[in-house]
Amino acid sequence: MKKSLLFLLMFCTLAFTADHFSIVEKFFWGFSWPEYKIYDQVRTIRKNVQKQTDLMKRQLEDDDEDSGWHKSYISKETEMFDNLRAYYEDKYGTDRAVAYALLKTAEEYKKSILEIQRLVHMETCPEEVLTDGEIDAQTIVMVKDIGFKNKSGFWYYDGIKVNMGKPRPISASVKKYPRESKVTYISFKPRIYPSKERIAHIRIETNLPEGFRAYASLQNERIDSLNYQDTSVVVKNGAFEMFFGTSDNPLEKGLYSFSMRTAAMPITQDDKEVLKKVGNHGEFLCGRYSYLPWGLGNQLQVKKIFLFEIK
């Protein structure tokens with residue numbers, strides 16, 4: 001009887017002292033709960049990310065002192081989102097980085113995903129004046145693309161329920177007379193054609209203008225000594241098209257990640273018509289594949305747009 005009471009007392013103590021009941025969850029569910037691993041990983045990331053953010057802020061402040069200038073933000077929410085996105089992109093790629101940055105920023109400031117994205121949009125896409133309803137409509141499309149799920153009216157990411165918020169309506173006047181966008185919300189439809197000769201033929205359909213120049217990178221994720229292969233690519237017929245590896249020099253076996261970026265700011269393009277569409281400083285490039293590097297204008301930056309294996 002005494003042992004039973006002692007066990008009950010210990011269990012109750014654990015229940016009240018556990019961080020978000022994590023110990024009790026493990027005790028009750030064991031490690032066979034299908035969603036526990038995902039839940040635990042997401043929670044751990046959220047728990048530790050503030051420490052990483054503070055570290056990045058200190059590093060950025062040091063860099064600012066050296067360079068003599070710094071990036072200014074309209075809102076603290078956008079600043080946090082920007083720092084988190086930069087941190088996560090190297091680890092997980094652009095889409096997951098955007099998702100985690102939205103989730104953590106919304107959690108930190110007790111706002112919905114839609115509210116955070118409205119603030120981010122205003123700073124990262126200043127050339128486009130949209131109503132909150134229009135921004136919300138774009139956000140809903142984007143979050144579905146990057147892995148958010150809507151089930152019975154509730155939103156989830158990696159199996160965890162999230163606060164998406166309620167989209168604001170689009171005004172009747174805008175619906176009746178849709179405005180012509182001045183900017184390009186960068187889109188990609190990648191496709192890889194497998195080859196037995198260990199040559200990667202990659203084609204990426206995009207809405208970037210004809211003649212737009214960028215750099216494509218291929219990195220072997222399993223061979224540390226093999227950094228990456230870089231090549232310059234140009235949009236032709238609505239797509240980037242490229243080859244990595246040759247019959248004489250085939251790709252090493254392994255898991256590869258594919259990324260893209262513009263070379264430098266201001267954007268260097270040969271065609272003046274391209275500059276008219278993207279801006280001399282990329283100011284007309286918007287969306288999750290555009291990046292605002294320290295107030296110098298937007299640029300194209302896509303990390304780990306997809307993975308593929310060479311056997």
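Biologist: Hello! Let me start with one residue: why does Q299 count as buried?

Modeller: Happy to explain. Q299 has a relative accessibility of 12%, and buried means under 20%, so Q299 counts as buried. Please keep in mind that this is a predicted model.

Biologist: Thanks. Where is the place of Q299, and how many residues apart in sequence are Q299 and T262?

Modeller: Q299 sits in strand β13, which runs over residues 299-310. From there to T262 is 37 residues in sequence, with 6.1 Å from C-alpha to C-alpha.

Biologist: Now the cysteines. What makes C125 and C286 a disulfide?

Modeller: Their sulfur atoms are 2.1 Å apart. A disulfide asks for cysteine sulfur atoms within 2.5 Å, so C125 and C286 form one. The structure holds one disulfide.

Biologist: Which hand does the link of C125 and C286 have?

Modeller: The link is right-handed, with 90° about the S-S bond. C125 belongs to the loop between α6 (113-124) and α7 (132-145), while C286 belongs to strand β11 (residues 285-286), so the pair ties together parts that are 161 residues apart in sequence.

Biologist: And how do you know whether C125 and C286 count as buried or exposed?

Modeller: Set the values against the cut-off. C125 comes to 2% relative accessibility and C286 to 1%. Buried means under 20%, so C125 is buried, and C286 is buried as well.

Biologist: A little before β11 there is E283. Why is E283 called partly exposed?

Modeller: E283 has a relative accessible area of 24%. Under 20% would be buried and over 50% exposed, so E283 falls in between and is partly exposed. E283 lies in the loop between α9 (272-278) and β11.

Biologist: Which residues does E283 touch, not counting residues up to four places away in sequence?

Modeller: With that restriction, E283 touches E127, V278 and N298. Separately, E283 and E128 are 9.7 Å apart, C-alpha to C-alpha, with their positions 155 residues apart in sequence.

Biologist: Let's turn to the helices. What makes the crossing of α4 and α5 notable in angle: at roughly how many degrees do the axes cross?

Modeller: The axes of α4 (residues 76-92) and α5 (residues 94-108) cross at roughly 145° and come within 8 Å. The crossing is right-handed.

Biologist: Which residues meet there?

Modeller: On the α4 side the list is E77, M80, F81, L84, R85, Y88, E89 and Y92. The α5 side brings T94, R96, A97, V98, Y100, A101, L102, K104, T105 and E108. By kind, the residues of this contact divide into ten nonpolar, two polar and six charged.

Biologist: Let me pick F81 in α4. Why is F81 called buried?

Modeller: F81 has a relative accessible area of 6%, and the limit for buried is under 20%, so F81 is buried. Leaving out residues up to four places away in sequence, F81 touches V98, A101, L102, T105 and V120. To A101, the C-alpha to C-alpha distance is 5.1 Å, across 20 residues of sequence.

Biologist: Now the loops. What is the phi of S152, and why is S152 said to be exposed?

Modeller: Phi of S152 is near 55°, a positive value in a residue other than glycine. S152 lies in the loop between β1 (149-151) and β2 (154-157). Its relative accessibility is 75% and exposed means over 50%, so S152 counts as exposed.

Biologist: How do you know that N237 is exposed?

Modeller: The relative accessible area of N237 is 71%, and the cut-off is over 50%, so N237 is exposed. N237 is not a glycine either, yet has a positive phi of about 55°. The residue lies in the loop between β8 (228-234) and β9 (239-244).

Biologist: And what makes K236 exposed?

Modeller: K236 comes to 59%, and exposed means over 50%, so K236 is exposed. Its place is in the loop between β8 and β9. The C-alpha atoms of K236 and E210 are separated by 5.6 Å, with 26 residues along the chain between the two positions.

Biologist: To finish, what does the secondary structure come to, and what share of the residues is buried?

Modeller: The protein has nine helices and 13 strands. Of its 311 residues, 40% are buried.

Terms used. Residues numbered from 1 in each chain as written. Predicted model: local features only at pLDDT ≥ 70, side-chain atom pairs only at ≥ 80, totals over all residues. Heavy atoms only, no water. Helix = DSSP H or I, 4+ residues; strand = E, 2+ residues; numbered from the N terminus. Buried < 20%, exposed > 50% of the residue type's maximum accessible area, 1.4 Å probe, protein only. Axes fitted to C-alpha atoms, helices over the stretch in contact; angles between N-to-C directions. Left-handed = near helix turned anticlockwise from the far one by under 90°. Contact = heavy atoms within 4.5 Å. Nonpolar A, V, L, I, M, F, W, Y, C, P; charged D, E, K, R; others polar.
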